[in-house]
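Visitor: Please show me the model, and let me ask what stands behind each label.

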Amino acid sequence: MEKEKQLLALCRLLIEQSLNWGESSIWSNNDFEQLSEKIFDKTRVQLSISTLKRIWGKVRYENFPTSGTLNALVRFLDYDSWRDFRQKNQENANLQSSDDQTNSILEEDNESTAATIAISKSKPSNFNKSGISLLIVGLLITLSIIFLTRIYGTKTVDLSKIKLEAIKTSDSLPNSVIFNYDASPFKSDSVYIQQSWDPTRREKVSANEKQHTSIYYNPGYFIAKLIVDNQIKKECFVYIKTKGWKGIIERRPIPIYLSDNEIKGKGYMGISDSLFRVKIGVPVFNDTWVKFANVREFKGIDAGNFSFEASIRNSSVVEASVCRQAKALVLGTGSAIIIPLADKGCVSELNLLTGDGFINGKDHDMSAFGCDFRQFQHLKVTVKEHRLKVYLNNKLVLNTEQKYSIEQVTGLRFEFEGGGEVKNVKLSTPGSTTYYSDF
């Protein structure tokens, strides 16, 4: 079992290196959410956020991961199975654990030893004697460099004194955010500010300057990151709110904003196929989404005890949007709840987020979330005593455990693949506060 633990440590390290997200010790809940999605996209195996947190030591758990979990982790690294990973890395794992002091140094200096560890993946076949000798020599050289660096007193940067703060320039969308930062103690030319978990939103900044401005086109609760030499060194929160409900058609790099008059109907909020067609310039909306967001504090709402309900429908015809998907989201500081709906023939494409884990239509029966969108679908979501329940047209379609809440509610959002309509939105905590939108 000790060798298995050593191999698991190596597996974690290789995954961290492949992601380039910085030290896993400062990974946020959103980082583990994204890792779960990446593993699923590549392996079609869904590992929950709580499972990944246990593997990375964020949550105390004595048992060793199951074979299914281990197989998914190493398949993400392009190995066939855990057995394949064990056979091709056994020697490397043994060398890593030759004594406690070596283990300690390797854990503290992952970046310095990256070249040595990478040998196991670039040459997965069994090592011959000369290969082992070269590996030992490389390891000794690496350790020598580490010891000499420490002896001659390279100054360790105190991360608590590193600066990163965000100042919004307005209360509307889009919103330019001024980042005040100081990365000079690192003496590095590789300094970036990343808007959120999304690495495509990363911008290179000067190591010698103190300010950088970035534009946020979408509302939400974001965790911005100061990244130096591909490692996250500091994080800060950026909360971009809306003034009531805001309609946005997703486009990269700049979305399309809808006016209040364009989204307001008679007793509902939405957008018609005809207006959608005018806005995007094409008659087919497959994989083109519009979202209606109300991002703000919802004081008095307990994320561990609330009820959320609305009546929604995708109003597109099937010729314009084949699957006519729709989503209802409750956003939080730690995670989100995402309830997807679609035409009955497209439930295989659905992906539900409970707040701490995914339920995917590829390996779960999601037929209960198939809809006849000729009529409004009444959706109700409740969270109480760590249970998430979803009702569709007054029928219970999901009853599952939610170990970790989404922390604080930061917004509500509805999304449609094509045109869509929403009415009778209600968010409440029993005995406390109720928010209601009837449009």
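The talk below goes through helix packing, ring pairs, sheets and one loop residue.

Guide: This is a predicted model, where local features need pLDDT of at least 70, side-chain atom pairs count only at pLDDT 80 or more, and totals for chains, interfaces and linings use all residues. Residues are numbered from 1 along each chain as its sequence is written, and side-chain values use heavy atoms, with hydrogens and water left out.

Visitor: Why is α2 called roughly perpendicular to α4?

Guide: Helix α2 (residues 29-43) and helix α4 (residues 67-76) pack at about 80°, and their axes are 9 Å apart. Angles of 65 to 115 degrees count as roughly perpendicular, under 35 as roughly parallel, over 145 as roughly antiparallel, and the rest as oblique. The angle of about 80° therefore earns α2 and α4 the label roughly perpendicular. Axes are lines fitted to C-alpha atoms, for helices over the stretch in contact, and angles run from 0 to 180 degrees between N-to-C directions. Helices here are DSSP runs of H or I with at least four residues, strands are runs of E with at least two, and both are numbered from the N terminus.

Visitor: Which residues make the contact of α2 with α4?

Guide: From α2 come Leu 35, Lys 38, Ile 39, Lys 42 and Thr 43; from α4 come Ala 72, Leu 73, Arg 75 and Phe 76. Contact means heavy atoms within 4.5 Å. By class there are 5 nonpolar, 1 polar and 3 charged residues. Ala, Val, Leu, Ile, Met, Phe, Trp, Tyr, Cys and Pro count as nonpolar, Asp, Glu, Lys and Arg as charged, and the others, Gly among them, as polar.

Visitor: How many aromatic pairs are there?

Guide: The count comes to 15 aromatic pairs. Rings of Phe, Tyr and Trp (its six-membered ring) pair if their centres lie within 6.5 Å. Ring pairs also link Trp 21, Trp 27, Phe 32 and Trp 56 into a cluster.

Visitor: What makes the pair of Trp 245 and Phe 414 tilted?

Guide: Their centres are 5.9 Å apart, with 35° between the planes. Planes under 30 degrees apart count as stacked, over 60 as edge-to-face and the rest as tilted. So 35° gives a tilted pair. Trp 245 sits in the loop between β7 (231-240) and β8 (246-249), and Phe 414 in strand β21 (residues 409-417), 169 residues apart.

Visitor: Why are Trp 245 and Phe 414 called buried?

Guide: Buried means under 20% relative accessible area, exposed over 50%, partly exposed in between (1.4 Å probe, protein chains only). Trp 245 has 12%, so it is buried. Phe 414 has 1%, so it is buried too.

Visitor: What makes β1 and β5 edge strands?

Guide: The open sheet of 3 strands has the order β1-β2-β5, with antiparallel pairing. β1 (163-168) and β5 (211-216) each have a single partner strand, so one side of each lacks a neighbour in the sheet. The twist averages 25° from one strand to the next.

Visitor: How do you know that β2 and β5 pair?

Guide: Two strands pair if DSSP finds at least two bridges between them. 6 bridges join β2 (residues 175-182) to β5, so the rule is met. Asn 180 stands opposite Gln 211 in β5.

Visitor: What is the exposure class of Asp 363?

Guide: Asp 363 lies in the loop between β16 (358-360) and β17 (370-371). With a relative accessible area of 39%, Asp 363 is partly exposed. Leaving aside neighbours within four places in sequence, Asp 363 is in contact with Phe 40 and Arg 44.
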